[in-house]
Amino acid sequence: MPISTSAPGRPAEDGEVIMLSGYPFYVSGPNPEKVAAVAEEVGRVLRDACGDQLKAVDRMGSSAIDGIAGTPVCDVLAQLSPWPMADDAKERLIEIGFTFQGSAPHDPQDEWFFGGKGEPGHLGRVVLHTVPEGSQFVSDMKAFVEYVKYHPEAFKRYNDVKVEGARVMAEGGPGVDGQMLGYKKKKNDVCNEIRREAIEWWKREGHYKN
């Protein structure tokens, strides 16, 4: 059964959970306090590993927006100067279980890592993005999060396409690409549309850097 309201090992307050390729998708969003605690722990790890090279740590993506549907994987954005991360810092992260993924496909100046605690796709897992201090990617991601937080129509549009995509993928079976990949494809167009709106709004607010 792909959909459950209180799957084994999950408290009832988590609400409806849709399983996508073994990843839990929380229809009412993952527990915001638990996700915030994961981000705080990653910040401590980064400060220990990077020292003065670490200039700022922020959350990004869906997991930074309380109440929005999604998986509990926490996206963390670290600004470094100089960039990229020093080899000894990378080695420290690898020693505690992070895996270096090289340059991200969306930005050659984003070196990312997968890591954290627990099973892949579950609470405790992290996608860590490391970018140059003051990167335009930082402005883009902050704009997206703040826009969705403070514009109910954008929140609903993004949330609805995420839930719809998750249900379609779960009910239609894994298919060729797998449920999680199919879900991501379905939400992509709406996500890009909202990102463009967010950047224009962020510019009007005087926050955007390019």
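## Phe137 and its surroundings

In this predicted model, Phe137 is in contact with Met60, Leu77, His106, Asp107, Asp110, His129 and Val131, once its neighbours within four places in sequence are left aside. Phe137 itself lies in helix α3, and with a relative accessibility of 10% it counts as buried, because the limit for that term is under 20%.

One of these contacts, His106, is 31 residues away from Phe137 in sequence, while the C-alpha atoms of the two residues are 9.5 Å apart in space. Another of the contacts, Asp107, is the residue in β7 that serves as the bridge partner of Ala104, and this leads from the helix to the strands.

## The sheet

Strands of a sheet pair through backbone hydrogen bonds, and they may do so in either a parallel or an antiparallel way. Here, 5 strands form an open sheet with mixed pairing, and their order is β4-β5-β8-β7-β6. The strands at the edges are β4, which covers 54-60, and β6; each has a single partner strand, so one side of each is left without a neighbour in the sheet. On average, and with direction ignored, neighbouring strands of this sheet are turned by 25° against each other.

## From β6 through β7 to β8

Strand β6, made of residues 99-104, runs antiparallel to strand β7, made of residues 107-116, and 4 bridges join the two. The connection from β6 to β7 is a hairpin that passes through 2 residues, and Ala104 has Asp107 in β7 as its bridge partner.

Strand β7 also pairs with strand β8, which spans residues 125-132, and this antiparallel pairing extends over 6 bridges. Two of the facing positions can be located by name: Gly116 stands opposite Arg125 in β8, and Gly115 stands opposite Val126 in β8.

## Where α3 meets α4

Helix α3, formed by residues 136-150, and helix α4, formed by residues 152-171, have axes that come within 5 Å and cross at roughly 105°. Because angles of 65 to 115 degrees count as roughly perpendicular, α3 is roughly perpendicular to α4. On the side of α3, the contact is made by Phe144, Tyr147, Val148 and Tyr150, and on the side of α4 by Pro152, Ala154, Phe155 and Tyr158. When the residues of this contact are divided by kind, 8 are nonpolar, with no polar and no charged residue among them.

## Asn159 in helix α4

Asn159 lies in helix α4, and at 14% relative accessibility it counts as buried. Apart from its neighbours within four places in sequence, Asn159 is in contact with Val27, Gly67, Ile68 and Ala69.

## Cysteines

How many disulfides does the structure hold? The structure holds 0 disulfides. Among the cysteines, Cys50 is buried, with a relative accessible area of 9%, and Cys191 is buried as well, with a relative accessible area of 10%.

Methods:
Residues are numbered from 1 along each chain as its sequence is written. This is a predicted model: local features need pLDDT of at least 70, side-chain atom pairs count only at pLDDT 80 or more; totals for chains, interfaces and linings use all residues. Side-chain values use heavy atoms; hydrogens and water are left out. Two strands pair if DSSP finds at least two bridges between them. Helices (H or I, at least four residues) and strands (E, at least two) are DSSP runs, numbered from the N terminus. Axes are lines fitted to C-alpha atoms, for helices over the stretch in contact, and angles run from 0 to 180 degrees between N-to-C directions. A disulfide is a pair of cysteine sulfur atoms within 2.5 Å. Buried means under 20% relative accessible area, exposed over 50%, partly exposed in between (1.4 Å probe, protein chains only). Angles under 35 degrees count as roughly parallel, over 145 as roughly antiparallel, 65 to 115 as roughly perpendicular and the rest as oblique. Contact means heavy atoms within 4.5 Å. Ala, Val, Leu, Ile, Met, Phe, Trp, Tyr, Cys and Pro count as nonpolar, Asp, Glu, Lys and Arg as charged, and the others, Gly among them, as polar.
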